[in-house]
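Student: Please take a close look at one part of this model and explain how it is packed. Then connect it to what lies around it.

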Amino acid sequence: MQIVSQTTSELRLQSVVERQRLMLPIGLLSVVVVGLGLAILAGAVNIPLLFIVGLFGFLGGTMLNDECKSEVLTLDRGADQLRCDRKTLWGTQQWQLPLSTLQDVSVVTRQRRRQKANGNEGTQWFYSLQFVAPGQAPQTLLYSHDGDSVNAAYRTIHDFLRTTHSATSATNAPSNLPSGQGIGLVMTSDYERWRQEIFTRSPEQAGGTSDERDRVYGVLMDMGMLDSSTSQLWAISMTAWLSGEASFFPTPGGAVIGLGSEPQVAEAAQTILQLAQTVLPNASPLPDQALPDQPDLVQFWLFTPGGVYGVADMLQRLRVPSNDWGQMFQQFSLIRQVAERQLDQR
């Protein structure tokens with residue numbers, strides 16, 4: 001895919017027909033036409049010949065139909081519209097949805113086993129973009145052989161959506177408020193259920209009491225990650241509770257729950273809660289349950305009976321424990337090490 005136009009209010013991308021990929025299907029169809037013509041002139045038309053000609057004609061026609069497809073994707077902020085116009089040999093198709101309802105954008109892949117010229121089997125990969133909105137079936141663009149261009153288109157769309165979110169929230173969002181939308185995150189349904197449970201856990205379930213309105217009874221840390229091989233965004237989430245319990249849950253799966261049975265983890269969880277109580281005055285009330293929308297963005301969520309508060313910062317400023325936030329990050333890093341060790345043992 002390639003960018004056709006990009007402004008602050010509109011982004012337009014286009015996938016075009018690759019002419020070199022038309023040579024094979026056109027060649028097959030040409031062989032069919034020429035072969036059938038020669039057979040008719042020679043009076044050698046028979047059922048086996050018609051079967052072979054028909055088979056090659058069907059194969060060439062199918063390939064030509066696939067390779068002649070193109071489409072234009074438009075993200076229009078002013079009209080609040082995401083629209084795809086797809087051209088085929090049989091006409092133009094279109095799908096659209098409100099841009100403001102867009103919940104997720106991701107790179108999807110599929111593979112096909114094929115036999116190479118040397119007789120060995122190989123895997124051919126195809127790439128596309130998928131768009132998800134509540135109450136609607138996921139919409140997918142055409143599949144492409146060029147994974148780099150699809151990943152580049154994904155990053156461009158991701159940046160455009162993030163700019164859209166920033167433009168609408170900049171006037172009323174505190175500067176230290178986590179601003180991630182989770183656009184494009186690789187996420188399992190198990191993770192979604194777990195995260196929902198985290199945000200509904202009561203103080204009593206976490207080892208605290210509802211009477212102390214400003215007592216931090218739990219902390220959730222999210223860290224944005226990027227898969228270097230696929231350029232897909234994902235996140236790691238970890239919790240620490242007043243009871244000493246802790247958990248580790250990456251958005252693509254591979255969770256370790258109940259880490260509090262490890263003495264060093266229980267101690268780290270208690271330290272995190274003590275630090276969180278100290279930094280609570282510097283946190284802000286949160287309007288949603290956003291996940292990081294960029295790599296190395298770290299978010300802390302502080303749970304109190306009086307509400308949920310949070311801050312966000314970039315990873316490079318947290319690696320050195322020069323303040324309470326950095327020290328909290330170091331304690332969560334210890335929990336992560338224990339969790340990953342248990343995963344390795346499995």
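**A core residue and its surroundings**

Tutor: Setting aside neighbours within four places in sequence, Phe131 is in contact with Leu73, Leu82, Trp95, Leu102, Asp104, Val105, Pro138, Gln139, Leu141 and Ile157. The model is predicted, and what follows is read from its coordinates.

Phe131 belongs to the largest nonpolar core, which has 75 residues; it is among those that touch the most other members, together with Leu73, Leu75, Ile157, Phe300, Leu302 and Met328. Helix α5 (residues 263-279) gives this core its largest share, eight residues. In soluble globular proteins, nonpolar side chains tend to be buried together.

Two of the core residues just named, Leu73 and Leu75, have numbers that fall in strand β3 (residues 70-76), which pairs with β2 in the antiparallel sense over six bridges. Within that pairing, Glu10 has Asp76 of β3 as its bridge partner. Strand β2 (residues 10-15) has two unlike faces: Leu11, Leu13 and Ser15 are covered, whereas Glu10, Arg12 and Gln14 are uncovered. In a regular strand the side chains alternate between the two faces of the sheet. β2 also runs antiparallel to strand β1 (residues 2-6), with four bridges between them. Ser5 stands opposite Arg12 of β2, and a hairpin of three residues joins β1 to β2. Elsewhere, the charged end of Arg77 sits over the ring of Phe160, 4.4 Å from its centre.

Met328 leads from the core to a helix. Within α6, Met328 is buried, as are Trp325, Gly326, Phe329, Phe332, Ser333, Ile335, Val338 and Ala339. An α-helix has 3.6 residues a turn, so residues three or four places apart point the same way. The length of α6 can be checked as well: its 22 residues (324-345), at 1.5 Å a residue, should span 32 Å, and the end C-alpha atoms are 32 Å apart, which agrees.

Phe300 and Leu302, also on the list of core residues, have numbers within strand β14 (residues 297-304), where Phe303 lies too. β14 is part of an open sheet of seven strands, in the order β12-β11-β10-β9-β14-β15-β13, with antiparallel pairing. β12 (256-257) and β13 (284-285) are the edge strands; each has a single partner, so one side of each is left without a neighbour in the sheet. Within the sheet, nine bridges join β9 to β10, which run antiparallel, and Val219 has Ala240 of β10 as its bridge partner.

Aromatic residues also meet here. The structure holds 11 aromatic pairs. One of them, Tyr217 with Trp241, is stacked, with 6.3 Å between centres and 20° between planes. Tyr217 is in the loop between α4 (189-200) and β9 (218-226), and Trp241 is in strand β10 (residues 233-241), 24 residues apart. Tyr217 has a relative accessible area of 7% and Trp241 one of 1%, so both fall under the 20% cut-off and count as buried. Tyr217 forms a second pair, with Phe303; this one is tilted, at 6.4 Å centre to centre and 40° between the planes. Because Tyr217 lies in the loop and Phe303 in β14, the pair ties together parts 86 residues apart in sequence. Phe303 is buried too, at 1% relative accessible area. Phe199, Tyr217, Trp241, Trp301 and Phe303 form one aromatic cluster.

Definitions and conventions:
Residues are numbered from 1 along each chain as its sequence is written. This is a predicted model: local features need pLDDT of at least 70, side-chain atom pairs count only at pLDDT 80 or more; totals for chains, interfaces and linings use all residues. Side-chain values use heavy atoms; hydrogens and water are left out. The expected span of a helix is 1.5 Å times one less than its number of residues. Buried means under 20% relative accessible area, exposed over 50%, partly exposed in between (1.4 Å probe, protein chains only). A nonpolar core is a set of buried Ala, Val, Leu, Ile, Met, Phe, Trp, Tyr and Cys residues joined through side-chain atoms within 4.5 Å. Contact means heavy atoms within 4.5 Å. Rings of Phe, Tyr and Trp (its six-membered ring) pair if their centres lie within 6.5 Å; planes under 30 degrees apart count as stacked, over 60 as edge-to-face and the rest as tilted. A charge sits over a ring if NZ of Lys or CZ of Arg is within 6 Å of the ring centre and within 35 degrees of the ring normal. Two strands pair if DSSP finds at least two bridges between them.
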